[in-house]
Amino acid sequence: MGLTVSQYDALMREYDRTRLAHKRQLDDRYAEIYSKIPRIKEINDTISSISIQGAKKMLLEGTGTLEDIKAEIEALSKEKASLLRQNGYSEDYLAMEYTCSKCQDTGYIGQSKCNCLKNSIIEILYEQSNIKEILEKENFSTFSFGHYDNQTRDSITNLTPLENMHDVVKTCREYIDNFKTDYRSLYLYGPTGVGKTFLTNCIAKELIENSNSVIYVSSIRLFEILANNTFKKNDNLEGKDLADNILDCDLLIIDDLGTEMVNSFTASALFNCINERHLRRKSVIISTNLSLAELRSTYSERVFSRITSNYTLLKIYGDDLRMKLR
Ligand SMILES: [Zn+2]
């Protein structure tokens with residue numbers, strides 16, 4: 001997926017460290033419980049010997065059944081759970097904990113990469129570790145409606161910027177809640193400084209935390225990656241893998257569409273990118289200053305029609321918040 005061997009090894013060592021840390025914590029919990037409730041040690045020892053003895057009996061002597069063994073172990077497990085409860089512990093106190101329960105901190109589910117691993121790879125490939133810092137500051141818990149004007153009404157929607165923003169945020173929240181089940185893409189447009197990027201950051205944070213693979217890329221960088229891939233400027237694997245990830249991640253966020261140098265290549269590359277993702281039913285969020293009319297004249301009819309027919313269009317308006325906050 002485009003990592004160097006040493007980058008990949010470093011990631012895998014990180015998984016090893018995580019598992020080891022959880023294992024140590026579990027050992028500590030066992031030591032604590034064994035000293036406080038010795039009966040639980042007896043039970044665990046009995047369970048291991050029942051398993052071994054039972055298997056021996058069945059295999060060598062042909063006596064006993066799997067059901068007998070299961071029943072005996074189940075009774076002991078119940079006793080163990082109730083002892084833990086009586087002593088004020090949760091029943092799963094002696095269960096292994098995982099940072100990512102999906103892959104049990106291995107990075108893989110069967111042969112395929114878990115999303116936690118995909119995200120770590122994306123982070124390295126796109127140098128997106130700085131995005132984490134941004135997302136710490138720009139997320140729904142820090143989002144404020146306070147700066148939006150509630151006086152002036154839009155001539156078309158008759159909503160004030162504040163009322164409109166409430167609707168937009170509601171749509172974004174629904175988008176996050178239904179992300180796994182509903183395939184949907186968003187086109188956020190409006191003038192500079194009305195909070196589009198802030199809003200895409202809010203969405204990115206929530207979806208990354210729900211372990212989706214999210215690539216956040218400025219439109220300038222997006223076209224660089226696509227051009228390098230098309231014209232094979234960098235003939236290494238990394239360039240190809242970057243482009244593959246652009247097409248395959250769970251969510252692609254294209255920030256500030258229209259700020260790149262627009263030419264015939266960008267128009268067709270943009271169409272191919274959003275069309276391919278559409279065929280794969282992978283979501284895209286585009287944020288841009290371009291109105292729909294400008295979108296049509298800047299790119300192509302195909303881009304315009306793909307976006308207007310498949311994307312949820314969210315217009316954000318109001319004063320430039322950055323001026324207000326100065
Ligand atoms: Zn995982």
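**Notebook: core, sheet and loops of a predicted model**

I began with Ile-286, which is buried, as 25 other C-beta atoms lie within 10 Å. I note at the outset that the model is predicted.

**Entry 1. Ile-286**

I placed Ile-286 in strand 6. Leaving aside neighbours within four places in sequence, I found Ile-286 in contact with Tyr-187, Leu-188, Ile-254 and Leu-257. I then looked up the separation of Ile-286 from Thr-197: the two are 89 residues apart in sequence, and 9.8 Å apart in space from C-alpha to C-alpha.

**Entry 2. The nonpolar core**

I turned next to the largest nonpolar core, which has 48 residues. Those with the most contacts inside this core are Leu-188, Ile-203, Val-214, Ile-215 and Ile-253. I asked which element gives the largest share of the core. Helix 7, residues 196-209, does so with 6 residues. I recorded the general background that nonpolar side chains tend to be buried together in soluble globular proteins.

I took Leu-188 for a closer look. Its contacts, with neighbours within four places in sequence left aside, are Lys-196, Leu-199, Thr-200, Ile-285, Ile-286, Ser-287, Leu-314 and Ile-316.

**Entry 3. The sheet**

I traced an open sheet of 5 strands, with parallel pairing and the order 4-5-6-3-7. Strand 4 and strand 7 (311-315) are the edge strands, each of which pairs on one side only. From one strand to the next, I read a twist that averages 15°.

Strand 4 covers residues 214-218, and I asked how many of its 5 residues are buried. The count is 4, so strand 4 is largely enclosed by the rest of the structure. I noted that strand 4 is nevertheless an edge strand.

I then followed the pairing of strand 4 with strand 5 (residues 251-257), which runs in the parallel sense over 5 bridges. Ile-215 stands opposite Leu-252 in strand 5, and Val-217 stands opposite Ile-254 in strand 5. Ile-254 also appears among the contacts of Ile-286.

**Entry 4. Tyr-311 on the other edge**

I located Tyr-311 in strand 7. I asked how Tyr-311 counts with 19 C-beta neighbours inside 10 Å. It counts as partly exposed, since a residue is buried only if 20 or more other C-beta atoms lie within 10 Å of its own. Tyr-311 is in contact with Ser-185, Leu-186 and Tyr-187, leaving aside neighbours within four places in sequence. I also looked up Ala-269, which is 42 residues from Tyr-311 along the chain; the two C-alpha atoms are separated by 18 Å.

**Entry 5. Helix 2 against helix 3**

I examined how helix 2 (residues 38-61) packs with helix 3 (residues 66-86). The angle is about 170°, and the axes are 10 Å apart. The two helices are therefore roughly antiparallel to each other.

I listed the residues that make this contact. Helix 2 contributes Arg-39, Ile-40, Ile-43, Thr-46, Ile-47, Ile-50, Ser-51 and Gly-54. Helix 3 contributes Ile-69, Glu-72, Ile-73, Leu-76, Glu-79, Lys-80 and Leu-83. Sorted by class, the contact has 8 nonpolar, 3 polar and 4 charged residues.

**Entry 6. Positive phi outside glycine**

I checked the backbone for positive phi values. As general background, most residues other than glycine have a negative phi. Asn-158 is not a glycine, yet it has a positive phi of about 65°. I found Asn-158 in the loop between helix 5 (129-137) and helix 6 (161-177). With 9 C-beta neighbours inside 10 Å, Asn-158 counts as exposed.

Arg-281 has a phi near 55°, also a positive value in a residue other than glycine. Its place is in the loop between helix 10 (264-279) and strand 6 (283-288). I asked whether Arg-281 counts as buried or exposed. Arg-281 counts as exposed, with 9 C-beta neighbours inside 10 Å.

**Entry 7. Arg-296**

My last entry concerns Arg-296, which lies in helix 11 (residues 292-298). Arg-296 is partly exposed, with 16 other C-beta atoms within 10 Å. Not counting residues up to four places away in sequence, Arg-296 touches Glu-301 and Phe-304. I also noted that Ile-307 is 11 residues from Arg-296 along the chain, and that their C-alpha atoms are separated by 9.9 Å.

Technical notes:
Residues are numbered from 1 along each chain as its sequence is written. This is a predicted model: local features need pLDDT of at least 70, side-chain atom pairs count only at pLDDT 80 or more; totals for chains, interfaces and linings use all residues. A nonpolar core is a set of buried Ala, Val, Leu, Ile, Met, Phe, Trp, Tyr and Cys residues joined through C-beta atoms within 7 Å. A residue is buried if 20 or more other C-beta atoms lie within 10 Å of its own, exposed if 12 or fewer, and partly exposed in between; C-beta atoms are placed from the backbone. Two residues are in contact if their C-beta atoms, placed from the backbone, lie within 7 Å. Axes are lines fitted to C-alpha atoms, for helices over the stretch in contact, and angles run from 0 to 180 degrees between N-to-C directions. Angles under 35 degrees count as roughly parallel, over 145 as roughly antiparallel, 65 to 115 as roughly perpendicular and the rest as oblique. Ala, Val, Leu, Ile, Met, Phe, Trp, Tyr, Cys and Pro count as nonpolar, Asp, Glu, Lys and Arg as charged, and the others, Gly among them, as polar. Two strands pair if DSSP finds at least two bridges between them.
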